[in-house]
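Here is a quick walk through a two-chain complex, with the structure open beside the text. Keep the viewer handy as you read.

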Amino acid sequence: MNLRWTAPLLALAMLACDTATPDGTPNENPTETLYPDEWAHAMPEDRGTATIHPTPVDVDVDGRIARRMSVDQLRRSIPVLFDGITWTVTVRGREQIGFDVLSRTLGEADYIQATSHNEEPSPLFAKFMDDMASDVCNKAIRADLEATAGEPRLVIHDEADVDATLRFLRLKLHGIYVPDGSTEGLEDLRALYDDVTAAQGTQVGWFSVCIAMLTAPELIAY
Amino acid sequence: MKRRTFLKTLGIGAGAFMAHNYLRPRRAFAAADRSFVFCYFRGGWDTLLSLDPRDPNVFTEARREETRIELAWDQLPAGYPRTILQPSGSNIQFGPVMEAMAPHYEKMCVARGLSMNTVAHDVGRRYFITGQTPRGNTAAGSAVPTRIVAQQGDQSPFPNLVMGAETYNDGLPAFASGLTVNSVTDLVTSLTVGPGAPPAAVRDRIAAYRDGKPLCDPVGHDRRGLLTRLGDSQIKARELVESGLSSKFAFANANDSEMTALRSRYGIQNIDGVPAQAAAAFQALKYELTQVITIDATQNLDTHDGNWATDQPDNQAEGWTALAQLITDLESEPDPTRGGTLLDNTTILCFSEFSRTPLLNNRGGRDHHLATSCALIGAGVPGNRVVGATSDVGMTPMAIDPNTGAVQDGGTIITPTLVIASLMQAAGYDVTALRTDGLPCLMA
């Protein structure tokens, strides 16, 4: 191409680039500076300061939205976390699994009456999660107290070291690793344990911590 | 109520709590919202005994072959009238099992000659529950209570409470889904601190921990408010179990004068029986536990055999009697938020999956019949009105003038869809999903 025509064409191209984004869609903010020369060798810092738009709060741009654990996830997770212990309720004198007996109430679809899971954290769900946590934590702590030395503990990992046990539970129930020596994110739990233990003894102290962690959003939401 | 306020109140007011025994939940309804009670008469009712009777002096045994209608009221147990009931001033004729309901004629509209297009229990039931013809045996779309609550919004602890019946949610907001409890006992369990729960002081401390603890991921996980909603629900659940509302459904409690009075008024013998469900509906509306409640108003009415003569009248009468008491109670309970009485702001729909054949079968029972009736009571209902009819030969559905409800050749055949559309439209709700408008004659 004759060099005589190159300069005007280049000017026209730059003009076009000034009003359209690199992919060709119209620029909604024509006053905003665009750098449609990403293939050049310029470094980002050569451009000076950039305008960063805050992420709109009502737009899902950074991954999927959070969900409540489904009944089936809870049904399968709790026995894994507590060595086979699960939530049971007594119905007409018979002990049955709470997640099964109350599955509809907790929002599980049966594909006959309800074709989709109701995973809204409703008051009824929250109520029965409290019941579940009370039942499971009761059984787990009882098992811990009856365990012989050397046997793995379900809740009271190290009775002598409260923070170590809280770190253990934080990782086990919430999937959050707290390094040895750190108490980050454990302060509130420690205060809960201390307050309840002072009033009701260590067993109830661990009971309260177990319930609080089993019903925490770190476990119920993902 | 804010979380911190609630906890503070709990701490300060423990003594007051014990003294008052319950905390009435805050008034939740918007003034324009309406409450609903759906009463399902399970098994297929005999409308000749209730909503669509015939005069025994006209429809005699001698004319059975001509009319294809056989009342057989002489087989009913002693104590039931052998005549049509029609209070002075009433345009509605009631059958012998509706003695308790007859005085409520002014608040009531009876639709007769509904065509169910099915004689299968599941299909008929789902037709009425959803207002849409099922796809085969499967419900099409959401249950009517779910549709209503989806439009009303989440305004009470159990917005759509379903006791012992079916409910469906097909693509509507989750809060509108029916919260199913199988019985009054289950409802009480839902409102009671669970077995093995820690002492109240520990529960308070756990609640304070939840309150003070920062949200684990306010930017990501709470972007749509899930964590906030969970926290609010935990508070709401705690409010409910601590409020003592379960005591409002403890019908067996001999030491509570309110329970004693309810037991007496409704004739409650069994806490999970039909009268207890009607009483629970009243209490749930009175204490604003729910916006829409569905109850199982009868024991099984599927009387194909000789049990028609005994179970059908007794079970139907039990349901109607309980319902009559519910109406009386709603009518006498003031509604401080919406004005008037609870009945002024509540619509009741009584339905069954179909009716029973006008002729007895060779086993002395009645089989399934396509034409049925239903009853609408309360707010938005044209009182003291009969809409539609079944024919005097074989009780087939007759077409009506949609404006007057009078029988009209070439008119409209009433269906559950039209009844549901009328009920919703009269209350100001959108009926687009039903693909039809309501019948003017069914709307006040």
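Two strands pair if DSSP finds at least two bridges between them. With that in hand, look at β6(B) and β9(B): they run antiparallel, and 4 bridges join them. Everything here comes from a predicted model.

**How far to trust it**

The predictor gives the complex an ipTM of 0.74 and a pTM of 0.75. Chain B has a mean pLDDT of 90, with 92% of its residues at 70 or more. Residues 1-28 of chain B are another matter, since the pLDDT there is below 50. Beyond near neighbours in sequence, that stretch still has 30 contacts in the model. Where pLDDT is low, the predicted coordinates should not be read in detail.

**The sheet in chain B**

Back to the strands. Chain B has an open sheet of 8 strands with mixed pairing, in the order β4-β3-β5-β1-β6-β9-β2-β10. Which strands sit at the edges? They are β4 and β10 (385-387) of chain B, each pairing on one side only. From one strand to the next, the twist averages 15 degrees.

Three of the pairings are set out here, each with a pair of residues that face one another.

| Strand pair | Sense | Bridges | Residue pair |
|---|---|---|---|
| β1 (35-40) and β6 (346-351) of chain B | parallel | 6 bridges | B:Cys39 and B:Cys350 |
| β2 (108-115) and β9 (371-378) of chain B | antiparallel | 6 bridges | B:Ala111 and B:Cys374 |
| β6 and β9 of chain B | antiparallel | 4 bridges | B:Ile348 and B:Ile377 |

Strand β9(B) turns up in two of those rows, paired with β2(B) and with β6(B). Is β9(B) buried or exposed? 8 of its 8 residues are buried, so β9(B) is largely enclosed by the rest of the structure.

Helices lie across this sheet too. Helix α5 (residues 144-152) of chain B crosses β1, β3 (160-163) and β5 (292-296) of chain B, at about 165 degrees to β5(B). Helix α10 (residues 274-286) of chain B lies across β1, β3, β5 and β6 of chain B, and runs at about 170 degrees to β5(B).

**Chain A**

Chain A has 8 helices and 2 strands. Reading from the N terminus, its elements go α-α-β-β-α-α-α-α-α-α. Of the 222 residues in chain A, 31% are buried. Take the contacts in chain A between residues at least 6 apart in sequence: 45% of them join residues at least 24 apart.

**Where the chains meet**

The contact between the chains uses 39 residues from chain A and 41 residues from chain B. On the chain B side, the elements giving two or more residues are β4 (179-181), α7 (200-212) and α8 (226-242). Which of them gives the most? That is α8(B), with 10 residues. By class, the chain B side splits into 21 nonpolar, 12 polar and 8 charged residues.

Helix α8(B) also packs against α4 (residues 123-146) of chain A, with the axes 8 Å apart and at an angle of about 75 degrees. Angles of 65 to 115 degrees count as roughly perpendicular, so α4(A) is roughly perpendicular to α8(B). A:Pro123, A:Phe125, A:Ala126, A:Lys127 and A:Asp130 come from α4(A). The residues they meet in α8(B) include B:Leu230, B:Gln234, B:Ala237 and B:Val241. This helix-helix contact has 7 nonpolar, 2 polar and 3 charged residues.

How values were computed
Residues numbered from 1 in each chain as written. Chains lettered and ligands numbered in written order. Predicted model: local features only at pLDDT ≥ 70, side-chain atom pairs only at ≥ 80, totals over all residues. Contact = placed C-beta atoms within 7 Å. Nonpolar A, V, L, I, M, F, W, Y, C, P; charged D, E, K, R; others polar. pLDDT = per-residue confidence, 0-100. Axes fitted to C-alpha atoms, helices over the stretch in contact; angles between N-to-C directions. Parallel < 35°, antiparallel > 145°, perpendicular 65-115°, else oblique. Buried ≥ 20, exposed ≤ 12 C-beta atoms within 10 Å, placed from the backbone.
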